[in-house]
Amino acid sequence: MLDKVVYGVAGAAGASIVAWRTMFPWINHDLKIMKAGRRLRRELDKDFESGEFLIDRFEKHVLEHPKKPFIIFEGNVFTYEYIDQQANKVANVVKRWGLSAGETVAMMIYNEPAFVWTFLGLQKMGIATALINFNLRQKQLSHSVNVSEAKAFIVGPGAELFDAVHAEEGEFGGMPIYIQGCSPNQLPSGYISFDDLMAAASPAGVDASVRAALTPMSPACYIYTSGTTGMPKPASLSHWREMSVGIGLAVVNCTSNDIVYTPLPLYHSSGGGLGLMGTIKNGATMVLRRKFSASHFFEDCCRYRVTIIQYIGELFRYLLSRPESPEEKNHQIRAAFGNGLRRDIWEQVQARFRIPLIAEFFGATEGNTMLFNLSNKPGAIGRLSPLLKRLGPTYQTLVKYDIATAEPIRDSNGHCIEIKPGEKGMFIAAIAPELEEVNFYKASQEANEKKRVRNVFKKGDSYFNFGDIFYLDRDYFVYFVDRIGDTFRWKGENVSTTEVANILTSLDFIHDANVFGVTIPGQDGRAGMAALTLYDDKPLTPELLRKIWTHCEENLATYARPMFLRLQKEATLTATFKQRKVELVKEGFDINLVDDPLYFADQVTKCYIPIKQDTYSRILTTSKL
């Protein structure tokens, strides 16, 4: 019957489509996706054929409307023309470094206009930009810069950023490090003032011929993603991919008249990719915040007449915890675009904040496809109906998987097995033959091969493995369930359990660390928890707890630091001496289930404190952790 629906709709005349819609109401949802998909596909094909890069599109907007606001930041308006002039200065500075188009420069800058013009200036010179997460410290930081094979490192204004880089002095292979926001006499030897170079640079544009050797598939930038190998990996975005990511906002019909609100970090694929690149692609205006603020969110949206907002799931939960205000209903927001909005608060968000369309999506920085929910279906991240799977540009599906091995289950012919509605499965998407040799990461071939599943439905085919488990309902809506393997998601970021465990066990008194994610009522994602065993069965004294806190603060990004600790006399292992997490995850930090000492990362005392009944109750009732 479903095949008849697929072929019937695909070839139906206008008169019969109404009948199909009546018989199969879910087709109406598919048609929304197909309409948006056709729009995106036309844009992608046009961009690929023209060979136009994102920087070309930006320069085109500068010529067409130089005085139009491009970035609004902390009450200041930066026009397309002004940002272009600053970007030209950056390009002229970099031009003197003797780098070739296609080589890499790393940059670590907070959310501010300097991020935008530095990024665009490097793009003007055809330089691939490694966007470094400004939360990284010590080995994570030096590794991220070095793995990009950067020829130089630009660090944004701010004492914390300089201190983080200075702490790793000597770990960057001798590459020149340029510091923004400082004059030469404010810097120790070994660092170069970028401001000094900018002051002497010309605002005149550089000739586009410097990019002539590049192709649409040449690397344009690297956005980092955490995997199961323990360190951030740079996912490569080609110039064509930058344009395709920028098209994402077309799902909510973004035009040059829109004002996009972005409180998300620009080093990330949501803020920097969909947000910044989408704004540039459409010639729109972006209201940029240094960081998210629940108290100023709708105040900003009203003040700047925002029409599209970007979100991650936790963002709305913080907004709901605020007292109601007139601004949250008197705004001009027509669409919210993001991911991670859970079903339990979806309708509450829509009713309270009166946002007409919540466009939830699923994607991965290094992935080859995206899913969209354009039906305001609470909790759904997209659709995978027979119609969409057959008629979509990329065949994407859910297959059965083995929980123990995190690998697809094969049938007697060695092929993967697609799930049925009402079941959970691993999400995979077909890799086009012409993209088979394209690497997802600027890393080892082994890391790239791990993202591929081969011989899926026939010999020789190849699919991208997103590493995520979805649930497919009876109406073909898809819901996120969990990450596969040694990764969980917290604060909108992927956390590698291997990475956190390695950091913890580098302390000389910790024998073993079993790291996993646990759910907290009312919170999105999973918070980090570590079950520890100490040498000589030592107790966790206040001194040792403070050492763990300080060690995590110095070596782990904020979102990766364990929220909870559990002290065990013996590690929980399988028969083959592998760490076992199932029981630990189930028991979590529940003092009613766990006899072992439990500890909580208390932000007030800046230390891990024992979990007693009052602390446990506070954790369960606190809206923001």
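This is a chat about two sheets, an aromatic pair and a pocket in a predicted model.

User: Hi! Let's start with the eight-stranded sheet. What order do the strands come in?

Analyst: Happy to help. The order is β2-β1-β11-β10-β12-β13-β14-β15, and the sheet is open with mixed pairing.

User: Which strands stand at the edges?

Analyst: β2 (76-79) and β15 (371-373) do. Each has a single partner strand, so one side of each has no neighbour in the sheet.

User: And how are neighbouring strands turned against each other?

Analyst: By 20° on average, ignoring direction.

User: What about β10 and β11, are they parallel or antiparallel?

Analyst: Parallel: β10 (residues 259-262) and β11 (residues 285-288) pair over four bridges. If you want a spot to click on, Val-260 has Met-286 in β11 as its bridge partner.

User: Nice. Which strands does helix α11 lie across?

Analyst: Helix α11 (residues 269-282) lies across β1 (69-73), β10, β11, β12 (308-312), β13 (335-339) and β14 (357-362). Its direction is at about 145° to β11.

User: Switching to rings now. How many aromatic pairs are there in the whole structure?

Analyst: The search finds 36 aromatic pairs. Take Phe-58 and Phe-70: their ring centres are 5.7 Å apart. Their planes meet at 45°, which falls between the 30 and 60 degree limits, so this pair counts as tilted.

User: Where in the chain do those two sit?

Analyst: Phe-58 is in helix α4 (residues 54-64) and Phe-70 is in strand β1, twelve residues apart.

User: OK, on to the five-stranded sheet. What's its order?

Analyst: That one runs β26-β27-β28-β29-β30, again as an open sheet with mixed pairing. β26 (510-518) and β30 (607-610) are the edge strands, each pairing on one side only. From one strand to the next, the twist averages 30°.

User: How do β29 and β30 pair, parallel or antiparallel?

Analyst: Antiparallel, over four bridges, with β29 covering residues 598-602. Asp-602 stands opposite Cys-607 in β30.

User: Which strands does helix α20 touch?

Analyst: Helix α20 (residues 613-621) packs on the sheet and touches β28 (564-567), β29 and β30, making about 55° with the direction of β29. There is also helix α17 (residues 497-505), which lies across β26 and β27 (527-534) at about 150° to β26.

User: Last topic: how much space lies in the second largest pocket?

Analyst: About 1500 Å³. Its lining is made up of 36 residues, and those nearest the centre are Asn-135, Lys-291, Lys-491, Thr-558 and Tyr-559. The elements giving two or more residues to that lining are α13 (313-320) and α18 (542-555).

User: What classes of residue line the second largest pocket?

Analyst: There are 19 nonpolar, six polar and eleven charged residues in the lining.

Notes:
Residues numbered from 1 in each chain as written. Predicted model: local features only at pLDDT ≥ 70, side-chain atom pairs only at ≥ 80, totals over all residues. Heavy atoms only, no water. 1 Å grid on protein atoms, 1.4 Å probe; cavity = no way out; pocket = protein on both sides within 12 Å on 5 of 7 lines; lining within 4 Å. Points joined across faces, edges and corners; volume = space filled by probe spheres on them. Nonpolar A, V, L, I, M, F, W, Y, C, P; charged D, E, K, R; others polar. Pairing = 2+ DSSP bridges. Axes fitted to C-alpha atoms, helices over the stretch in contact; angles between N-to-C directions. Contact = heavy atoms within 4.5 Å. Phe/Tyr/Trp six-rings, centres within 6.5 Å; stacked < 30°, edge-to-face > 60°.
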